[in-house]
Amino acid sequence: MKLHLNLHRITALTFPLLFAAGCSSSTPVLTGGDGGAAERGQIQVTISGEGLGLEGFDFPPAPNQESYFSDGWEVKFEHLYVSIGAVTVSEEPDKSAVDQSVTGPAVARADGPFLVDLHKTGPLPGKGEGDKAWPLTVIKSQNLAGDKAFDIAQKYAFGFDSVPASASATKVGLEAADDANLSEMIAKGYNVLYIGKATFRGATCTPAADPGLPPEVYFRFGFKTPTSYINCLNPDLGQGGGEPPRGIAFQQSQATIAQITFHADHPFWEAIEEDAPLRFSQVAYVANAKSKGTSASTPVTLDDFVGVPFNPVKVGAAALANRTCAPAAAPTGGELSLDPKGRTVADLAAFMSTLQAAQGHMNADGLCAVKAK
């Protein structure tokens with residue numbers, strides 16, 4: 001999976017933590033939301049965390065693994081919960097050439113909310129190689145415009161919201177064992193919750209000196225970043241040497257798929273920049289300094305990063321060395337600094353939340369206009 005984040009598309013947001021398609025499927029397709037089936041002229045909405053959400057990040061990276069932690073960490077997930085609110089279909093995805101967030105009027109909406117664990121393997125083929133997806137719902141008609149059928153000769157804009165978890169949400173693929181985690185999400189207002197463990201696997205690293213980090217770190221990152229993803233691009237419609245077109249184009253003979261895709265690596269980028277290298281050492285460093293992350297019962301959390309500088313990363317007077325491990329290129333040395341690319345970001349917690357909030361896409365890598373809710 002290759003990530004493509006166009007920072008020019010990100011809109012100014014209202015809270016400080018953020019910076020600012022249809023593929024064929026066999027018909028009918030069962031949905032995890034309303035229990036119906038998608039047919040010709042209807043939209044099957046699915047969701048996936050792709051292979052990285054399912055399998056995590058190996059180190060050393062597998063031959064076909066483009067995303068890996070350059071500082072030698074293997075990162076595996078136990079859960080990757082996501083709360084999805086309204087899914088919206090609108091007219092005129094190409095209404096404004098300069099502002100992707102501008103569309104025509106909304107003509108259909110599935111209100112949700114839905115709760116899903118993107119670390120669980122869904123029953124449907126996903127958009128990436130070896131990917132699996134969960135069905136959320138079927139949008140059968142223009143339910144905001146007289147309940148008339150979609151015009152299959154017309155393109156429509158597609159968007160969705162990530163919202164705080166709710167007790168009223170439809171649980172997609174979840175079990176009783178998930179209830180305690182879901183209760184935490186609801187109580188704390190999380191819309192995304194990462195639970196997992198990182199293990200240091202680096203062998204040949206530069207600098208070679210051991211930085212004194214723990215060999216493994218348990219983490220539990222709850223994000224309070226309600227976000228709207230608007231008028232997404234659709235890689236299923238081709239790219240033609242540039243960005244893919246916006247919106248949904250209906251299949252002529254079968255259901256049309258719109259896959260909500262969450263990229264699992266966003267919170268770990270070293271810069272607010274497209275395809276920035278991934279790093280985990282700053283997480284291990286803070287966990288060690290605060291005596292956290294030593295077990296699943298004492299994980300490091302996002303709250304532990306509040307007030308921690310990231311440029312350079314520092315707890316007290318001590319800063320973290322900039323270190324990479326083969327096959328990553330050797331660093332230039334000095335202290336590890338995460339780069340906000342000119343944006344005003346308060347601390348390491350805000351930096352990670354900024355990156356996470358832009359992780360929603362359509363049909364694998366289709367970028368959306370991003371706005372805080």
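Here are some short exercises on the predicted model above, each with a worked solution.

A word on the ground rules: this is a predicted model, so local features need pLDDT of at least 70 and side-chain atom pairs count only at pLDDT 80 or more, while totals for chains, interfaces and linings use all residues. Residues are numbered from 1 along each chain as its sequence is written, and side-chain values use heavy atoms, with hydrogens and water left out.

**Exercise 1. The whole chain**

Work out how many helices and strands the protein chain has, and how its radius of gyration stands against the globule rule.

Solution.
- Step 1: Count the elements. You should get four helices and 23 strands. Helices (H or I, at least four residues) and strands (E, at least two) are DSSP runs, numbered from the N terminus.
- Step 2: Check the radius of gyration, which is taken over C-alpha atoms. The chain has 21 Å, close to the 21 Å that the globule rule gives for 373 residues, so it is as compact as a globular protein of that length. The rule itself is 2.2 Å times the number of residues to the power 0.38.
- Step 3: Box it in. Along the principal axes, the C-alpha atoms fill roughly 65 × 45 × 40 Å.
- Step 4: Look at burial. Of the 373 residues, 57% are buried. Buried means under 20% relative accessible area, exposed over 50%, and partly exposed in between (1.4 Å probe, protein chains only).

**Exercise 2. Strand β12 and its partners**

Find out which strands pair with β12, and in which sense.

Solution.
- Step 1: Locate β12 at residues 192-200. Seven of its nine residues are buried, so the strand is largely enclosed by the rest of the structure.
- Step 2: Take β5 (residues 73-90). It pairs with β12 in the antiparallel sense over nine bridges; two strands pair if DSSP finds at least two bridges between them. Within this pairing, Y81 has L193 of β12 as its bridge partner.
- Step 3: Now β14 (residues 216-223). This strand and β12 run antiparallel too, joined by eight bridges. Here Y194 stands opposite F221 in β14.

**Exercise 3. Helix α3**

Is helix α3 largely enclosed or open, and what do its buried residues pack against?

Solution.
- Step 1: Go to residues 281-289. Seven of the nine are buried, so α3 is largely enclosed by the rest of the structure.
- Step 2: Name the buried ones: S281, Q282, V283, A284, Y285, V286 and A287.
- Step 3: List their neighbours. They pack against β5, β14, β18 (300-301), β19 (314-315), β20 (318-319) and α4 (348-357). Contact means heavy atoms within 4.5 Å.

**Exercise 4. Backbone oddities in the loops**

Track down the cis peptide bonds at P60 and P312, then decide whether S291 and N363 are buried or exposed.

Solution.
- Step 1: Start with F59 and P60, joined by a cis peptide bond with omega about -5°. P60 sits in the loop between α1 (50-55) and β5.
- Step 2: Move on to N311 and P312, also joined by a cis bond, with omega about 5°. You'll find P312 in the loop between β18 and β19.
- Step 3: Turn to S291, in the loop between α3 and β18. Its phi is positive, about 55°, although it is not a glycine. With 59% relative accessibility, S291 counts as exposed.
- Step 4: Finish with N363, in the loop between β22 (360-362) and β23 (369-372). This residue, other than glycine, has a positive phi near 50°. At 2% relative accessibility, N363 counts as buried.
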